[in-house]
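User: Please take a close look at the interior of this model and the contacts made there. I would like one connected account that I can follow with the structure open.

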Amino acid sequence: MQKKWWHGKVAYQIYPKSFLDTTGSGTGDLRGIISKLDYLKDLGVDIIWLSPCYCSPLADQGYDISDYYNIDPRFGTMEDMDTLLAEAKKRDMYILMDLVVNHCSDEHPWFQQALTDPDGKYGRYFYMEDAVDGHAPNNWRSYFGGSCWEPIPGTDKYYFHAFHKKQPDLNWENPEVREEIYRMMNWWLEKGLAGFRIDAIINIKKALPFTKYNYPADRPDGLVRVTRMLDDAVGVTDFLNEMRDHTFAKYDAFSVGEVFNEKKEDLPAFIGDDGCFSTMFDFNETIFGVSEKGWYDSTHITPEDYKECVFRSQKNAEGIGFLSNIIENHDEPRGVSRYIPAEDLSDTSKKLLATIQFMLKGLPFIYQGQEIGMENFPFTSIDQVNDINTRDEYEVALKAGLSPEEALAAVSYYSRDNARTPFQWNDSPNAGFTDGTPWLPVNPNYQSINAQAQIGNPDSVFSFYQKLISLRKDPAYAETIIYGVLEPYMADTKGLMAFYRRGEAQTLLVLANFQKEEQAVSLPAPYKNVICNNYDTVAFAPGSSERCPSQIQLKSYQAVVLEL
């Protein structure tokens with residue numbers, strides 16, 4: 001593997017709308033981010049990924065962009081962005097922005113012009129197709145529910161949208177569209193951006209012609225999930241390699257792809273030394289248990305499932321490239337509420353999950369609030385939900401026969417709004433996020449879970465994240481943690497997630513007791529040092545001792561990292 005400047009870094013995702021409001025509008029802004037750069041620096045963050053803050057009508061919270069060259073006034077100005085870039089550079093920090101180019105907003109000038117002349121230049125920037133016998137060209141269902149096809153008023157044509165109807169897909173088959181996108185990307189990279197997180201990018205290649213790919217319906221609505229077409233959409237890496245060569249390669253820029261449905265044989269093309277991305281997110285755990293019927297029918301992940309998913313991803317990527325490891329992001333519920341049984345949720349178990357993430361091979365991405373252990377929101381009504389995806393899944397559950405109470409419980413577990421509630425800075429009103437009315441309700445547990453209460457507290461979740469980041473950057477261990485091979489240990493032992501990190505001259509062993517009950521774990525060899533521990537001490541099992549440590553007695557949700 002070629003060593004890159006970003007390999008030893010730690011990344012942090014900011015959802016600007018929910019990070020910090022400095023104007024009293026109830027919406028977070030760029031000035032709020034600037035004011036907290038020192039907070040992030042003290043945590044140990046190097047790379048900051050901003051979810052979209054471009055101009056947008058916010059049909060999908062900014063992932064529907066109406067102007068790629070300007071900042072939405074809700075978040076500030078381009079001068080604020082320039083200040084953020086400059087202030088980050090002073091602190092040796094790097095800024096990434098979201099690259100949302102599978103689609104744009106229906107309020108983008110390109111689409112507005114396309115509507116006036118669907119057969120003209122800008123009509124070819126999108127997928128505008130003739131009706132087939134008076135109906136849509138095929139039966140694909142969008143990610144947010146309903147048909148992927150929307151009628152164009154005054155015509156017998158439809159336009160395609162894989163996501164919301166206000167997010168028309170851009171036609172990547174058109175070289176003019178690709179050139180426009182590359183021009184925009186290079187404009188941002190020239191401005192000082194370090195790179196991009198690349199949204200929904202696997203969708204840019206469609207199975208064409210559309211009319212050929214009517215698939216058997218997978219729900220009573222007669223439609224089929226749009227992801228079904230990805231099996232027949234061949235050649236996406238041709239587009240992605242062209243994008244890399246026209247943009248990232250010129251600037252040694254960082255790129256992290258949001259790629260679902262990838263196959264093991266595709267990994268070299270995506271993240272190999274000559275891959276189209278620097279890295280890609282590991283979503284193996286987040287897609288576990290997904291049901292074609294909807295969220296209400298999905299299977300909740302267990303610690304054993306989590307272990308299997310992680311180890312499979314790590315095995316597939318070994319010797320090929322770097323994964324980006326997450327516990328949560330803006331599209332997922334809070335990881336601690338997802339991967340830890342509700343009855344076992346505590347600071348200790350949160351630290352165990354953090355230990356696993358940071359000791360995996362790959363680039364760790366922290367999502368805002370993860371470092372203080374923020375949890376899912378206790379929804380009591382669907383009226384509290386803003387997210388369009390959650391609202392659609394709620395209706396799907398009701399149509400399947402669930403009661404309103406059952407439907408709410410089903411979608412609350414997965415709702416994207418869990419991660420979008422305002423950051424909990426302190427125990428003052430609105431958790432210190434805003435002096436106004438927050439755009440989304442603040443989690444009522446902010447008085448006990450907030451940054452101010454944890455900073456400087458050596459036993460806090462925040463301080464533990466600081467320790468993990470320091471360990472990753474410690475010259476004594478960095479080479480092994482960053483580049484060492486990951487090898488599972490005692491993988492068949494229930495309630496234990498354990499693995500080696502083997503470097504050229506060093507071996508580390510991670511032992512995580514992923515259960516409430518204590519358990520004794522045999523050691524493969526004596527250890528030199530305990531380099532990380534979410535308890536104060538390490539206990540030895542009966543018949544073992546510190547002089548001859550053949551077994552360790554792991555306490556409830558204890559996680560230790562040993563140098564063998």
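Analyst: The account below starts with the cores, then takes a helix pair, the cysteines, several buried residues and some backbone details.

This is a predicted model: local features need pLDDT of at least 70, side-chain atom pairs count only at pLDDT 80 or more, and totals for chains, interfaces and linings use all residues. Residues are numbered from 1 along each chain as its sequence is written, and side-chain values use heavy atoms, with hydrogens and water left out.

The largest nonpolar core has 164 residues. A nonpolar core here is a set of buried Ala, Val, Leu, Ile, Met, Phe, Trp, Tyr and Cys residues joined through side-chain atoms within 4.5 Å. Buried means under 20% relative accessible area, exposed means over 50%, and partly exposed is in between (1.4 Å probe, protein chains only). Within the largest core, the residues that touch the most other members are Tyr12, Leu50, Met81, Trp140, Trp188 and Phe196. Leaving aside neighbours within four places in sequence, Phe196 is in contact (heavy atoms within 4.5 Å) with Tyr54, Leu96, Met97, Asp98, Leu99, Met185, Trp188, Leu189, Phe248, Phe254, Ser255 and Val256. A second, separate core has 15 residues, including Leu496, Leu511, Val560 and Leu562.

Met81 and Trp188 also appear where two helices meet. Helices (H or I, at least four residues) and strands (E, at least two) are DSSP runs, numbered from the N terminus. Helix α3 (residues 78–90) packs with helix α5 (residues 175–191) at an angle of about 55°, and their axes are 11 Å apart. The α3 helix is therefore oblique to α5. Axes are lines fitted to C-alpha atoms, for helices over the stretch in contact, and angles run from 0 to 180 degrees between N-to-C directions. Angles under 35 degrees count as roughly parallel, over 145 as roughly antiparallel, 65 to 115 as roughly perpendicular and the rest as oblique. On the α3 side the contact uses Met78, Met81, Asp82 and Leu85, and on the α5 side Trp187, Trp188 and Lys191. By class, this contact has 5 nonpolar, no polar and 2 charged residues. For these classes, Ala, Val, Leu, Ile, Met, Phe, Trp, Tyr, Cys and Pro count as nonpolar, Asp, Glu, Lys and Arg as charged, and the others, Gly among them, as polar.

The cysteines come next. The structure holds 0 disulfides, a disulfide being a pair of cysteine sulfur atoms within 2.5 Å. Cys148 is buried, at 0% relative accessible area. The closest cysteine sulfur to that of Cys148 belongs to Cys104 and is 16 Å away, too far for a bond. Cys309 is buried as well, at 3%.

Two glutamines in loops are also buried. Gln558, in the loop between β22 (551–554) and β23 (559–563), has a relative accessible area of 1% and so counts as buried. Beyond four places in sequence, Gln558 is in contact with Leu352, Leu511, Ala512, Asn513, Asn533, Asn534, Tyr535, Thr537, Val538 and Gln553. Of these contacts, Leu511 is also one of the residues of the second core. Gln515 lies in the loop between β18 (507–513) and β19 (519–522) and is buried at 18% relative accessibility. With neighbours within four places left aside, Gln515 is in contact with Lys494, Gly495, Ser556 and Tyr557.

Pro364 is in strand β15 (residues 363–367) and is buried, at 1%. Its contacts, leaving out neighbours within four places in sequence, are Lys9, Val10, Ala11, Asn325, Gln357, Phe358 and Arg472. Asn376 lies in the loop between β15 and α12 (388–399) and counts as buried at 16% relative accessibility. Not counting residues up to four places away, Asn376 touches Pro333, Arg334, Ser337, Ser412, Tyr413, Asn418 and Asn443.

Some backbone details remain. A cis peptide bond with omega of about -5° joins Leu208 and Pro209, and Pro209 lies in the loop between β10 (195–198) and β11 (224–225). Asp92 is not a glycine, yet has a positive phi of about 60°; this residue sits in the loop between α3 and β5 (94–99) and is exposed at 57% relative accessibility. Met490, also not a glycine, has a positive phi of about 50°, lies in the loop between β16 (485–489) and β17 (496–502), and is partly exposed at 29%.
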